[in-house]
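Me: I should like to go through the terms applied to this model and see how each label is justified. Please set each value against its definition.

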Amino acid sequence: MPRTSLALAVVLSLPMTACANHPDIAGKAIVTLDGQSLVLDTGNDGQAFATTGDRWATDCYIHQSALAMMLDRARDDDPPINGITLLDKHADEQGRPLPNVWLDMYPDAYNGFCDVTATLGDDPHEVDFSAAGCELQRGLDGRSAWLVSATFHVKECENE
């Protein structure tokens, strides 16, 4: 529970300079849980862009050199993974380790301390996010899932 609480506190404490225009996000995440491979895919093997609307919610921001993206799928679609948040920051302002990957596999939430790479494109509003080979734990009891890979491209990330 402490990891989940810390993660939630950090996300909520960051100024939400959220994208007023909600960015387009394309990508795919693969997680293994209990020997099963679970996938969150924006479409066409991660090549199609998801936009905020009936089926998706998207967000991305760049704040004081921290980059974060969030992607959520409508639960009534019954996807194996409902959402993912990637943050390239590895420690909070006091230097404490920061869970920087959150995965929503309704009704469970998993988070982990992962190497997240966020690379700005030629256009400062385009960002590539990636993470792989990372253990995620369920906040309630520490049950483990494994982030095999997560690769996303964001258009129109809000940059203050």
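Me: Why is E93 called exposed?

Reply: E93 has a relative accessibility of 58%. Exposed means over 50% relative accessible area, buried under 20%, and partly exposed in between (1.4 Å probe, protein chains only), so E93 counts as exposed. This is a predicted model, in which local features need pLDDT of at least 70, side-chain atom pairs count only at pLDDT 80 or more, and totals for chains, interfaces and linings use all residues. Residues are numbered from 1 along each chain as its sequence is written, and side-chain values use heavy atoms, with hydrogens and water left out.

Me: What makes the pair of E93 and K89 a salt bridge?

Reply: The closest N and O atoms of E93 and K89 are 2.7 Å apart. A salt bridge requires a side-chain nitrogen of Lys or Arg within 4 Å of a carboxyl oxygen of Asp or Glu, and the pair of E93 and K89 therefore qualifies. K89 itself is partly exposed, because its relative accessibility is 24%.

Me: How do you know that R143 and D34 form a salt bridge, and which parts of the chain does the pair link?

Reply: Their closest N and O atoms are 2.0 Å apart, so the salt-bridge criterion is met. R143 lies in the loop between strand 10 and strand 11, and D34 in the loop between strand 1 and strand 2, 109 residues apart. Strands are DSSP runs of E with at least two residues, and helices are runs of H or I with at least four, numbered from the N terminus.

Me: Why is D34 called exposed, and why is R143 called partly exposed?

Reply: D34 has a relative accessible area of 59%, so D34 is exposed. R143 is at 27%, and therefore counts as partly exposed.

Me: Why is P80 called partly exposed?

Reply: P80 has a relative accessible area of 40%, which means that P80 falls between the buried and exposed limits. P80 is placed in the loop between strand 5 (66-73) and strand 6 (83-87). Beyond residues up to four places away in sequence, P80 touches L38, V39 and M105, where contact means heavy atoms within 4.5 Å.

Me: What makes K155 a charge over the ring of F49?

Reply: K155 lies over the face of F49, at 4.2 Å from the ring centre. The rule asks for NZ of Lys or CZ of Arg within 6 Å of the ring centre and within 35 degrees of the ring normal, so K155 is counted as sitting over F49.
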